[in-house]
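Colleague: I would like to learn how to read cavities, burial and charge pairs from a set of coordinates. Could you take me through one case?

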Amino acid sequence: MPHQNFYNIDLNLLRTFLVLMQEKNMRKSSERLFVSQPAISQTLQKLRHHFNDELFVKVRHGLEPTPFAQNLARAISPHLNNLESALGKLHEFSPKELTGTMKIALSPHILSTITGTLFTALREDAPHLNIELVNWGHNTNEDIQKGDVFYGVHYDLDGISKEICRTQLTAIEGRVIVRKNHPVQQNITTPQAFDGFEIASQLLPGFNDNVCIAANILNSLGCKTRVGFRSEVLLALIDVVRNTDFVLPHSNLFPIKHFPELRAVTILLNDKIPRYDLYSYTHNKDRNAQTKKWLDSVMTNAVEQQISLNSALHCQ
C-alpha cells in the first residue's frame, strides 16, 4: 500500500539516502554523516528492502543510482529540505514577531519605579505586541496558572503554586526615603537612627500584607516605632513623607531624581546593606520558552539600568 512507504520508514534513512545521492560514494557519505561505512551499508540494505529496489549499483568511481532512486530523490528532496528548515526555525526567536496582548504583573516596588524604562525596552524589541503592566495582586498566582498573566516579577514569595516556575533575576538594595530636611541628615546610617519615627509602608500584595519588614527590623533592635500609614500607591506615600518626618522603606530603584524634595538614605544592617532578590514567575509550561527568557533579560536590564542611574546621581 502507498501509505506504508511513509509510515513504515525511519526518516533518518531517507536523509542518508539523499547524502548517498549527492556523494555517490560510501566513504564520503560516512564522513559527511559522521558514521561508519558499515552503518551506511546497513542503512542502504534497509532502504533496498523497503523500496524493493537496488537503488545504487557499484561502478568504478563509486555508486550509480537506479532510475527508481533518481525518481525517489526528486520526490522527497524538497519535502525533507522544508522539514529540516521548519525544525530549525523552532528554536529561532524574534520578539519583533510577537503579536497580540501580553499581561505582565509587577510588584508595586517595580511597577512604580521602572515602568517607563521597561515599557520603552519592550516596545523597542516587540513593536507589534500590546503590553499590559499591572500591579501584582492577591490573585496573580492564580492568574498565572490560568494563563491570564504570562509573566510576573516580585520578591521571593511564599505560597506560590508548584505549577509556577520561579527564576532569580537580580538583587536590589534597601533604602529609606525621607524629606530633604528630615532630622536624620546622614546619607548612610543604621536602622537605629530612625528610632521613634513613624513609617509610611508600601503595600506589596502577597509579600507584606500583614507585616512591615522595616518595622520588624527596628523592633527587633529595641527601637520604638510604628507603621503610621500604608498604601499601595507610591505617590500617596511620597506625599505623606515630603510633608512629615515619616520614613519610607524602599530600595535603590526609587526614582529619586524625580523628587528633588526627597533624599535616599543607605541603611547598614550589621555593617551590610540589606539586599533583596527579585524573581520572575511564569507557568511551568513556559519556563524554557524563548519569550520568557527574553522577558527575563529585558527586566534584568531595566532594573540594573535604574540602579546604575541612581548610583550615578548619588555620587554627584
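Modeller: What follows is a reading of this predicted model, feature by feature.

Colleague: Let us begin with enclosed space. How many cavities of 30 Å³ or more does the structure hold?

Modeller: A cavity is a place where a 1.4 Å probe fits but cannot get out. The structure has one cavity of 30 Å³ or more. The volume of the largest cavity is about 480 Å³.

Colleague: Which residues are the closest to its centre?

Modeller: The lining of the largest cavity has 28 residues, and Ile213, Ala214, Pro249, His250 and Tyr276 are the closest to the centre. Two or more lining residues come from each of strand 6 (164–179), strand 8 (199–202), helix 8 (213–220) and strand 10. Strand 6 gives the most, with five residues.

Colleague: How do the lining residues divide into nonpolar, polar and charged?

Modeller: The lining of the largest cavity has 19 nonpolar residues, seven polar ones and two charged ones.

Colleague: Take His250 from that list. Is His250 buried or exposed?

Modeller: Buried means under 20% relative accessible area. His250 has 6% relative accessibility, so it counts as buried. His250 sits in strand 10, which covers residues 248–251. The side chain of His250 makes a polar contact of 3.4 Å with the side chain of Ser251.

Colleague: What does His250 touch, not counting residues up to four places away in sequence?

Modeller: His250 touches His109, Thr113, Glu173, Gly174, Arg175, Ile177, Gln202 and Leu234. Two entries there, Glu173 and Arg175, also form a salt bridge with each other, with the closest N and O atoms 3.0 Å apart. Both Glu173 and Arg175 are buried.

Colleague: Gln202 is in that list as well. Where does Gln202 lie?

Modeller: Gln202 lies in strand 8. Gln202 is buried because its relative accessible area is 2%. Neighbours within four places in sequence aside, the contacts of Gln202 include Pro108, His109, Ser112, Asn208 and Arg230. The contacts of Gln202 also include Leu234, Leu237 and His250.

Colleague: Now helix 8. Which residues is Ile217 in contact with, leaving aside its neighbours within four places in sequence?

Modeller: Ile217 lies in helix 8 and is in contact with Pro191, Leu269 and Tyr276. Ile217 and Leu269 are 52 residues apart in sequence, while their C-alpha atoms are 9.2 Å apart in space. With a relative accessible area of 21%, Ile217 counts as partly exposed.

Colleague: Is there a pair that is apart in both sequence and space?

Modeller: Leu309 and Ala193 serve here: they are 116 residues apart along the chain, and their C-alpha atoms are separated by 27 Å. Leu309 is in helix 10, residues 290–315. The relative accessible area of Leu309 is 33%, so Leu309 is partly exposed.

Colleague: Next, charge pairs. How should I read a salt bridge?

Modeller: Side chains of opposite charge can pair when their charged atoms come close. By the rule used here, the count is 14 salt bridges. One of them joins the side chains of Glu23 and Arg32, at 3.0 Å from N to O. Glu23 is partly exposed at 27% relative accessibility, and Arg32 is partly exposed at 40%.

Colleague: What is the closest N and O distance between Lys285 and Asp286?

Modeller: The closest N and O atoms of the Lys285 and Asp286 salt bridge are 3.1 Å apart. Lys285 is exposed at 64% relative accessibility, whereas Asp286 is buried at 12%. Elsewhere, salt bridges that share partners link Asp143, Lys146 and Asp148 into one network.

Colleague: Last, backbone angles. Which value of phi should I look at for Lys24?

Modeller: Phi of Lys24 is near 50°, a positive value in a residue other than glycine. Lys24 is in the loop between helix 2 (11–23) and helix 3 (26–33), and is partly exposed with a relative accessible area of 31%.

Colleague: And where is the place of Asn52?

Modeller: Asn52 is in the loop between helix 4 (37–51) and strand 1 (56–59). Phi of Asn52 is near 55°, again positive in a residue other than glycine. Asn52 counts as exposed, at 71% relative accessibility.

Notes:
Residues numbered from 1 in each chain as written. Predicted model: local features only at pLDDT ≥ 70, side-chain atom pairs only at ≥ 80, totals over all residues. Heavy atoms only, no water. Helix = DSSP H or I, 4+ residues; strand = E, 2+ residues; numbered from the N terminus. Buried < 20%, exposed > 50% of the residue type's maximum accessible area, 1.4 Å probe, protein only. Polar contact = N/O pair within 3.5 Å; in protein donor to acceptor, adjacent residues only side chain to side chain. Contact = heavy atoms within 4.5 Å. 1 Å grid on protein atoms, 1.4 Å probe; cavity = no way out; pocket = protein on both sides within 12 Å on 5 of 7 lines; lining within 4 Å. Points joined across faces, edges and corners; volume = space filled by probe spheres on them. Nonpolar A, V, L, I, M, F, W, Y, C, P; charged D, E, K, R; others polar. Salt bridge = Lys/Arg side-chain N within 4 Å of Asp/Glu carboxyl O.
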